[in-house]
Each structure stands twice: as C-alpha cells, then as structure tokens.
Amino acid sequence: MLQHAAVTFFAIFLAELPDKTMFATLLLSSHFKRKLPVWLGVTIGYTTHVVIAVLFGSALTRLPEKPIQVEGVGGEIFSHLEKLLIII
C-alpha cells in the first residue's frame, strides 16, 4: 500500500509541476498578502478535484470487462450516432 502511494505521489508530482494549477497558485500567492487563505483555497479545490477523479475511477471499475452487444433498434440508433460523431 505504501508503495502504491509513493508511486502515485511521484507520478502526480512530476505531472503537475508545469501545470496551470501551479501557475495560478503562484499568481494568487503573489497577489494576496496573506498566504494561508491562498493555500487553503488551493488545497480544498485540488482535494475536491482529486475526490471526484477517484470516485469516477472507482465507478469505471464497475463497468463490464467484456463489451456489451446492443441489438435491435437501440443498436441501430447508437450505430448511426457513432458514425455522426466520427464525421464531426
């Protein structure tokens, strides 16, 4: 478990270094005199973002591993919508 946390930390840390969140935090902290409210806002915002991502990731594990074959009229509609989206 600790290994998973360490791998996740380093992957996110390296991926987020040049991210726009860092630059937004940099600009906000240079704009406001008090740094604690900036830190709290960024921490709460990012934590909310991560919680949503983890919830969606957990929901994805509940999807079936094998593709579902749709038959009938619904399948035809889906097929046409898919082709339309590919064209757009």
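## The largest pocket

In this predicted model, the largest pocket has a volume of about 270 Å³. The elements that each contribute two or more residues to its lining are H1, H2 and H3, and H1 gives the most, with five residues.

The residues that line this pocket are Thr-8, Phe-9, Ile-12, Phe-13, Glu-16, Asp-19, Thr-21, Met-22, Thr-25, Val-42, Thr-43 and Tyr-46.

## The nonpolar surface patch

A nonpolar patch of about 820 Å² lies on the surface, and it is made by Phe-9, Phe-10, Phe-13, Leu-14, Leu-17, Met-22, Phe-23 and Leu-26. Two elements, helix H1 (2–16) and helix H2 (20–31), give two or more residues each to this patch, with the largest share, four residues, coming from H1.

Phe-9, Phe-13 and Met-22 appear both in this patch and in the lining of the largest pocket.

Leu-26, one of the patch residues, lies in helix H2. Leu-26 counts as exposed because its relative accessibility is 52%, and exposed means over 50%.

## Confidence in the model

Across the protein the pLDDT averages 85, and 91% of the residues score at least 70. Confidence is highest in helix H3 (residues 35–60), at a mean of 91, and lowest in helix H4 (residues 73–87), where the mean is 75. Helix H3, for which the highest confidence is given, is also among the elements that give two or more residues to the lining of the largest pocket.

Definitions and conventions:
Residues numbered from 1 in each chain as written. Predicted model: local features only at pLDDT ≥ 70, side-chain atom pairs only at ≥ 80, totals over all residues. Heavy atoms only, no water. Patch = residues over 30% accessible without salt bridge, like charges linked within 9 Å, V, L, I, M, F, W, Y side chains within 5 Å. Areas by Shrake-Rupley, 256 points an atom, 1.4 Å probe, with all protein chains shown as cover. Salt bridge = Lys/Arg side-chain N within 4 Å of Asp/Glu carboxyl O. Buried < 20%, exposed > 50% of the residue type's maximum accessible area, 1.4 Å probe, protein only. pLDDT = per-residue confidence, 0-100. 1 Å grid on protein atoms, 1.4 Å probe; cavity = no way out; pocket = protein on both sides within 12 Å on 5 of 7 lines; lining within 4 Å. Points joined across faces, edges and corners; volume = space filled by probe spheres on them.
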